[in-house]
Amino acid sequence: MVTVLFQTWWCWGECWSSLPGLHPLGAVDECKPAGVHVVTGTPEETANILAGLQKEGMVKRLPKYDNCWLARTDPKDVARVESKTVIVTKNQRDTIPIPAGGVKSQLGSWMSESDWQRAREERFPGCMSGRTMYVIPFSMGPVGSTLSKYGVQVTDSPYVVASMGIMTRMGTPVLQKLAEGEDFVRCQHSLGRPLPLKAPLVNSWPCNPEKVLISHLPDLRQIMSFGSGYGGNSLLGKKCFALRIASRIAKDEGWLAEHMLILGITNPQGVKRYVAAAFPSACGKTNLAMMKPSLPGWKVECVGDDIAWMKFDSQGKLRAINPENGFFGVAPGTSDKTNPYAMATIAKNTVFTNVGETSDGGVWWEGLDPPAAGVTLTDWHGKTWKQGSSTPCAHPNSRFCAPAAQCPIIDPKWESEEGVPIDAIIFGGRRPEGWQYFH
């Protein structure tokens, strides 16, 4: 299976012949890693990855919880970088409406094939020198489902490997599907900090903020990401694949890839309906997907909190899957008051990024109750922090990355190969300011 994967991988270069001026070049040839590791996804492998990250100072174990870890990033690498996220197509009109002269499009960023090729040549050659290239075979959706899609990501970040193991179905089962000839999306990612380092790292976090570029090539079903280790830029199965590339695949194949939660709701009479809901990031999708109803007799169960892939079945019923395997949620504001089920979900097997740390080996962020007497806080920069400080303890975009199966109200059909039947879709938005009643 590994041989089949590498034969497929090394043939990637043949795709480039369809673009002018591009020379066939395999990922190993281009990035020149010191070694290659094909990820199998076993618990032993994951434990070794985390142990290596701890040794490098990129994560630390949180002894208050079971198998939980804390990462602090370079302060210049804390979020998705929309201004450096591009879609590469032959014609600009294939990506975005062409704006008037001097006006910047608000609907995405297009890059020409020639400009992208120059940008690639400035970044990727030799970018993994001295580092290990990890080859991650992964599935978006349950392995074997007709609604699922496969991907292979190469990366020089073990943090990405650990996180992809939570967010996707990763490893040997996917290798078996690829050996059977299943198509897959090609994902190439590098931190952009080859060894030996030319400058010291901040927080032991390799990245290259000045050269960040997250590029999508929908015609080739390919993603190329450089310079950032942050989740949305480096976990290429998430927004890059599950929304951007998948929306193009969906257009070509006749289905939908949407930024939507999926939940099941059962009334007191036992009638259950499934609902999808679309809100922008940080508008409460996770809280709604894990709602604890206050009305007696009602029950909510979570299928997914972020992305829905939907397709009409042979009977004309719209069905949906959550293509992800985990939750990559915003930590600040999450609490036992706002989302008790999320708090239960993240109590084990979770990677926290840029949250505060308690002196008794736990985590803390704005929205949680103050820690117990005698427990001190360290902020996301690694500095002592006290209540009332002018800066936040946790970064506003700090995250938890936790397995979805751990959610106490995960829906029994959340991994159904045929998907759950969608009965309603809710659309929401973000107000620029608050509102109030007038009498």
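## Cores, pocket and cavities in a predicted model

Q: Let's start with helix H5: is it mostly covered or mostly open?

A: H5 is mostly covered in this predicted model, with nine of its ten residues buried.

Q: Which residues of H5 are the buried ones?

A: The buried residues in H5 are Pro158, Tyr159, Val160, Val161, Ala162, Ser163, Met164, Ile166 and Met167.

Q: And helix H6, which of its residues are buried?

A: In H6, which runs over residues 172–179, the buried residues are Val174, Leu175 and Leu178. Looking down the helix axis, these buried residues fall within an arc of 105 degrees, so they line one face of H6.

Q: Why would residues spaced like that point the same way?

A: An α-helix has 3.6 residues a turn, so residues three or four places apart point the same way.

Q: What follows H6?

A: Gly181 follows H6, and the phi of Gly181 is positive, near 100 degrees.

Q: Changing topic to the largest nonpolar core, how many residues does it have, and which touch the most other members?

A: The largest nonpolar core has 47 residues, and those that touch the most other members are Leu53, Ile136, Ile223, Phe241 and Trp309. Two or more residues of this core come from each of helix H3 (43–56), strand S3 (69–71), strand S6 (132–140), helix H5 (158–167), strand S9 (185–190) and helix H8 (237–253).

Q: Which element gives the most to this core?

A: That is H8, which gives eight residues to this core.

Q: What does Ile223 touch, leaving out residues up to four places away in sequence?

A: With those left out, Ile223 touches Val185, Arg186, Cys187, Gln188, Ser215, His216, Leu236, Cys240, Phe241 and Ile245. Apart from the largest core there is another core, of 46 residues, and its members include Cys68, Phe279, Ala320 and Ile422.

Q: Now the open space: how much of it lies in the largest pocket?

A: The largest pocket holds about 920 Å³ of space. Its lining is made by 32 residues, of which Ile87, Leu107, Gly108, Arg244 and Ser247 are the closest to its centre.

Q: Which elements give two or more residues to that lining?

A: They are strand S4 (85–88), H8 and strand S12 (256–258), and the largest share, eight residues, comes from H8. H8 is thus named in two settings, giving the most to the largest nonpolar core and the largest share to the lining of the largest pocket.

Q: How does the pocket lining divide by class?

A: The lining of the largest pocket divides into twelve nonpolar, eleven polar and nine charged residues.

Q: And closed spaces, how many cavities of 30 Å³ or more are there?

A: There are two cavities of 30 Å³ or more, and the largest has a volume of about 50 Å³. The residues lining the largest cavity are Arg80, Tyr230, Gly232, Lys238, Lys239, Phe328 and Arg399, which divide into two nonpolar, one polar and four charged.

Q: What about the second largest cavity, what is its volume and what lines it?

A: The second largest cavity has a volume of about 40 Å³, and its lining consists of Trp116, Ala119, Arg120, Arg123, Phe124, Leu213, Ser215, Met224 and Phe226. Helix H4 (113–121), strand S10 (213–217) and strand S11 (222–226) each give two or more residues to this lining, and H4 gives the most, with three.

Q: How does that lining split by class?

A: The lining of the second largest cavity has six nonpolar, one polar and two charged residues.

How values were computed
Residues numbered from 1 in each chain as written. Predicted model: local features only at pLDDT ≥ 70, side-chain atom pairs only at ≥ 80, totals over all residues. Heavy atoms only, no water. 1 Å grid on protein atoms, 1.4 Å probe; cavity = no way out; pocket = protein on both sides within 12 Å on 5 of 7 lines; lining within 4 Å. Points joined across faces, edges and corners; volume = space filled by probe spheres on them. Nonpolar A, V, L, I, M, F, W, Y, C, P; charged D, E, K, R; others polar. Helix = DSSP H or I, 4+ residues; strand = E, 2+ residues; numbered from the N terminus. Buried < 20%, exposed > 50% of the residue type's maximum accessible area, 1.4 Å probe, protein only. Arc of directions from axis to C-beta. Core = buried A, V, L, I, M, F, W, Y, C linked by side-chain atoms within 4.5 Å. Contact = heavy atoms within 4.5 Å.
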